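Subject: The structure, and some notes to go with it

Dear colleague,

Here is the structure that I promised to hand over to you, and below it I have set out what was found in it. Please keep it open while you read, so that you can look up each residue as it comes.

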Amino acid sequence: MDPTFPVDRQLGLEASPVVLINLSTLDKKDEAALIKAWTDDAQFMQRQPGYISTQLHRAIGDGCAYLNYAVWESNATFRAAFTHPEFQSKFSHYPSSSVASPHLFQKIAVPGLCIA
């Protein structure tokens with residue numbers, strides 16, 4: 001999402017908790033394959049230490065974009081799961097038309113609106 005600081009650089013930072021936001025675009029014909037691959041990934045992540053939750057969303061309208069977010073106790077626990085060899089091997093299961101843009105975020109406090 002931010003080409004000046006991609007997720008591979010973010011993995012080295014320490015932060016708690018973190019939210020992974022991932023926007024994926026793909027050819028409409030590959031939607032079923034994307035959902036199958038994402039489901040398999042999510043089931044793997046669900047079993048990892050530090051995992052809290054995840055949710056997948058589909059863009060409304062005629063486009064073909066999906067957004068998922070996953071909440072983790074810390075960047076360290078996400079990093080351990082994301083760099084696990086079993087998880088890394090799953091990338092080949094995604095359709096070739098799928099382009100992912102993952103990024104890690106932290107909540108911030110805005111007085112009167114939200115807490116960190």
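Let me begin with Leu20, which is buried, since its relative accessible area is 11% and a residue counts as buried when that value is under 20%. Please bear in mind throughout that this is a predicted model. Leu20 is found in strand S1, and once its neighbours within four places in sequence are left aside, Leu20 is in contact with Asn68, Tyr69, Ala70, Phe78, Pro102, His103 and Leu104. Although Leu20 and Trp72 are 52 residues apart along the chain, their C-alpha atoms are separated by 8.0 Å.

Helix H2

The next element to look at is helix H2, which runs over residues 31-46. Its 16 residues, at 1.5 Å a residue, should span 22 Å, and this agrees with the model, in which the end C-alpha atoms of the helix are 22 Å apart. Which residues of H2 are buried? They are Glu31, Leu34, Ala37, Trp38, Asp41, Ala42, Phe44 and Met45. Because these buried residues cover an arc of only 155° around the axis, they sit on the same side of H2. The face turned away from that buried side carries the exposed residues Ala32, Lys36 and Gln46. As for what the buried residues of H2 pack against, the partners are strand S2 (51-58), strand S3 (65-72), helix H3 (75-82) and helix H4 (85-88).

Helix H3

Helix H3 can be read in a similar way, and here the buried residues are Asn75, Thr77, Phe78, Ala81 and Phe82. Seen down the axis of H3, they fall within an arc of 160°, so they line one face of the helix. The elements that cover them include helix H1 (7-10), S1, H2, S3, H4 and S4.

Two residues of this helix are worth following one by one. Asn75, which lies in H3, is buried with a relative accessible area of 2%, and, leaving aside neighbours within four places in sequence, Asn75 is in contact with Gln10, Leu11, Leu13, Ala15, Val18 and Leu104. Ala81, which also lies in H3, is buried with a relative accessible area of 1%. If residues up to four places away in sequence are not counted, Ala81 touches Phe44, Met45, Gln48, Trp72 and Phe87. Ala81 and Glu14 are 67 residues apart in sequence, and from C-alpha to C-alpha they are 15 Å apart in space.

Two residues with more to show at the surface

Is Pro49, in the loop between H2 and S2, buried or exposed? At 62% relative accessibility, Pro49 counts as exposed. Even so, Pro49 is in contact with Trp72 and Thr77, again leaving aside its neighbours within four places in sequence. The C-alpha atoms of Pro49 and Ile60, which are eleven residues apart along the chain, are separated by 33 Å.

Ser53, in strand S2, counts as partly exposed at 28% relative accessibility. Not counting residues up to four places away in sequence, Ser53 touches Tyr69, Ala70 and Val71. Ser53 and Pro6, for their part, are 47 residues apart in sequence and 22 Å apart in space, C-alpha to C-alpha.

The largest pocket

The last thing to pass on is the largest pocket, in which about 420 Å³ of space lies. Its lining is made up of 25 residues, and those that lie nearest its centre are Asn22, Asp41, Asn68, Phe87 and Tyr94. The elements that each give two or more residues to this lining are strand S1 (18-25), H2, S2, S3, H3 and strand S4 (99-105). What classes of residue make up the lining of the largest pocket? By class, there are 19 nonpolar residues, five polar residues and one charged residue.

I suggest reading the two helices first and the pocket afterwards, with the structure turned to suit each section.

With best wishes

Note on methods
Residues numbered from 1 in each chain as written. Predicted model: local features only at pLDDT ≥ 70, side-chain atom pairs only at ≥ 80, totals over all residues. Heavy atoms only, no water. Helix = DSSP H or I, 4+ residues; strand = E, 2+ residues; numbered from the N terminus. Expected span 1.5 Å × (residues − 1). Buried < 20%, exposed > 50% of the residue type's maximum accessible area, 1.4 Å probe, protein only. Arc of directions from axis to C-beta. Contact = heavy atoms within 4.5 Å. 1 Å grid on protein atoms, 1.4 Å probe; cavity = no way out; pocket = protein on both sides within 12 Å on 5 of 7 lines; lining within 4 Å. Points joined across faces, edges and corners; volume = space filled by probe spheres on them. Nonpolar A, V, L, I, M, F, W, Y, C, P; charged D, E, K, R; others polar.
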